[in-house]
Amino acid sequence: MRLPFNTGWTVKPKVSSFTDIVGSRNAGKSVTLPHDAMIELPRSATDGEGASTGFFPGGVVEYAKTFDVPEAWLDKCVSIEFQGVYRDAMVFVNGSFAGQHRNGYAPFRLPLDGHLRHGEPNTVRVEARAHQDSRWYSGLGIHRDVTLIVSPLVHIPVDGVRITTPDVDGEGAVVEISTSIRSEDRQTRELTLRTEVCDEQGRVVIHDEGLITIAPQSSTTIRQRLYVVQPRLWNTDQPHLYQARLTLNAGSQKQEETLTAFGIRKLQLDPQHGLRINGETVKLRGACIHHDNGLLGAAAIGRAEERRIEILKSAGFNAIRSSHNMASLAMLEACDRLGMLVLDEAFDMWFEGMKPFDYSLDFPEWWERDIEAMVTKDFNHPSVIMYSIANEVPESGSGNGAIWGRRITEKIRALDDTRFTTNAISSFWAVSGEILEEFVAEVSSLQARGVNDVMNAMTDIFDRITTSDLVTQRTAESHAAVDVAGLNYAEQRYKTDGVQFPNRVVLGTETNPRQTDIIWGLVEELPFVIGDFTWTGWDYLGEVGLGRTDYTDHEGAAGGGDPDYPWLLAWCGDIDITGYRRPASYYREIVYGLRSEPYLAVFRPENRGKRRLEMQWAWSDTVSSWTWDVPEGTPMEVEVYSDAEDVELLLNGISVGRAQSGAANHYRALFTVPYQPGTLTAVAYDNGKERSRTALTSASEPGLAVNIDRDQLSANEADLAFVSLELLDPSGNLATNADREVSVQVTGPGILQALGSARPVSTESFNTSRCTTFDGRALAIIRPTAAGIIEVTVSSPDLHDVHSKITVAPTQNGLKPAPATATSKPH
């Protein structure tokens, strides 16, 4: 029996016992898990941990929950499962130490039986800490789900069911189910295990039943082979799921029942066909994503994880890389349901640390347990097709690093030989110890040049290193240790690697969005290159300004370095932290061949005339808008993205120019247009004939528009409503020039969980009821607390209030893809 254990917690800053006794005792703040304590802390230029964490401070917090333990549990096995606590969790039960876990992203379980007081209230207390231990925003606290597990003395352990589909063809599929049974009883027991495989409508398609004799205080494993006729296969377009229902019976009495979702699919990999799923070659259109959920911080609330996958998939991605830590269980479940492939990544470092107190201090002792936790979590999820053992660890360029690569990979293969492995290797970092002095000297000599010369020279230096014989030699053994050679920012190597290593399968595990068209062309051309993961699919907290554009009046100025407070975001994702697609996302969709209409992106005019200094991960500083507070006649730079042969730009029906586009021109055409309010139209042509068009229209006086992603929620802590707030005119045009403060009030069985915008530089908190829109948009997130009707009021000075209602139904098991939206039109 798995009992949700996310409600009824408190959190407070951790202090010493002495301080707690002699000082004013802090009862703590009531919270519902998953929860991030860091997102509520004040940011500061001086008291935070700098640009890497978004200027948030670290800290130590203490969670506590009191719950009743009935006497009936005396003959039960009770444990607690944490899906993720950042970081270095210390768990106490009724004041006694129960266990510890260092990794902030790996799930772990602790037995509670020796600490419980039956027939009385019991208290579990969890300490978590974050301090100079992450290269990006980590969050702090119990940021993933918690479950209490109560089992009979003879039971199927958590994750004791492992399902594989070794033989799959058009006629049928063999489903192998391995079930562990554990007995804590003092007697030998005889039981039966009934296994039923059910389809998506709940119909039993095949079943099996067997006898089990198990000795006291022992474990055993039951293996069953079931044959499913004409199975519905799992793939990205049709992610069909089955469910295995296992019932453990003692005579006529049911002891326990478990449900495990799985998919039937076949994976193949070779350099001639690349990656095949169910016999069909699949190219990975991949998004690297960090773990944070934007306004929610690191809290991995089920609906937030699901919404991210929905939006990424609608934007054209078919795969995610959980950079650079293990994906949450909630995200894997969403990927299973929605048909998103997963590259699950274990570590961002091995022995060489990135921060003074990071996981490198724990890796030597904990790596094996954390690998076991990752594989156990992932095993039954059809969305997971590959494990990554590391990201850009410098050890990968040495023989000792190759030893460790094999050690980790073989550990994974021993646990799961049904999936593939990779290691995301940076050519530069793999040989940095040998070239660093020479590299620093060469870069220093560039400082006197102009910015364009510096940028071009830096690119040349990195390209030279990436394609060098030194990198080829130093990384060969590490690449050979895994199934797929993971290359970070090394598309220059793809063709030569195919010649030098004809048995090698290559994956762009991390690539630059500015090179999307070139990289994707290589992916489509070369069969042994199975895909591309862009940095990054979704913007994130921390590593601030990674994708920013600076401006200068001076030719010799050079960008780079960390920007100052109050920068908050990396500002480099295809999709912003509130879930809106940025221009790069539509460009990528065109390059993928998934969009036939052209797309209009207009450079922000406030810095016109200045020299743009675009960081390595920057996209053009553009917005899809024709609503600007500039004098008529102001020259406006306009990009049109299109795979058509050429495009024409019309302003209020009058042609202002025509230019070539398509692959030969990097899918872009650039125009300069004198600003005039009205309608800007891009028309795409092939063979002189119009193929498609798109338009932007200047907004008139806007009002508030409220769009709720779903009109009915479930009364459980995994559900959320995402409420889009937009400044729209009566025709539905977005007023990107009219940003203003908005406030949100929530009454009824729900709370305002977060409110904010995607503004990359801001001092505003996401934990208040007011925020300022950015480019005409903001987002409110509402969390239900019980069944009933939630009423939402959105207001802004000089605009009419908007009132909306959300129905919260009694709790349902699990979440399903979102139904139709509810919208309140602007007044």
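Let's start with confidence: the mean pLDDT of this chain is 94, and 95% of its residues reach 70 or more. If pLDDT is new to you, it is the predictor's confidence in each residue, from 0 to 100. There is a weak stretch, too: over residues 814–827 pLDDT stays under 50, and there the model has 44 contacts beyond four places in sequence, a contact being heavy atoms within 4.5 Å.

Two notes on how to read all this. This is a predicted model, so to speak of local features we need pLDDT of at least 70, side-chain atom pairs count only at pLDDT 80 or more, and totals for chains, interfaces and linings use all residues. Residues are numbered from 1 along each chain as its sequence is written, and side-chain values use heavy atoms, with hydrogens and water left out.

Now please find helix α2, residues 302–314. Helices (H or I, at least four residues) and strands (E, at least two) are DSSP runs, numbered from the N terminus. The 13 residues of α2 reach 19 Å from first C-alpha to last, close to the 18 Å expected at 1.5 Å a residue; that expected span is 1.5 Å times one less than the number of residues.

Is α2 enclosed or open to the outside? Ten of its 13 residues are buried, so α2 is largely enclosed by the rest of the structure. Buried means under 20% relative accessible area, exposed means over 50%, and partly exposed is in between, using a 1.4 Å probe and protein chains only. Among the buried ones are Gly-302, Arg-303 and Leu-312. Their cover includes β22, β23, α3, β42 and β46. After the helix comes Gly-316, with a positive phi near 110 degrees.

Keep an eye on Arg-303, please. Its side chain makes a polar contact, at 3.0 Å, with the side chain of Asp-709. A polar contact is a pair of N or O atoms within 3.5 Å; within protein, one must be able to donate a hydrogen and the other to accept it, and residues adjacent in sequence count only if both atoms are side-chain atoms. Asp-709 sits in the loop between β40 and β41, and counts as buried because its relative accessibility is 12%.

On one side of that loop is β40, and five of its six residues are buried, so β40 is largely enclosed as well. β40 and β42 run antiparallel, joined by six bridges; two strands pair if DSSP finds at least two bridges between them. Val-706 stands opposite Leu-725 in β42.

On the other side of the loop is β41, which belongs to an open sheet of five strands with mixed pairing, in the order β41-β48-β47-β43-β45. β41 and β45 stand at the edges with a single partner strand each, so one side of each has no neighbour in the sheet. Further in, β43 and β47 pair in the antiparallel sense over five bridges, and Thr-747 stands opposite Glu-791 in β47.

Last stop: which strands make up the antiparallel open sheet of four? Its order is β33-β31-β34-β37, and the edge strands, β33 and β37, each pair on one side only. Helix α11 packs on this sheet, touching β31, β33, β34 and β37, and its direction makes about 145 degrees with that of β31. Axes here are lines fitted to C-alpha atoms, for helices over the stretch in contact, and angles run from 0 to 180 degrees between N-to-C directions.
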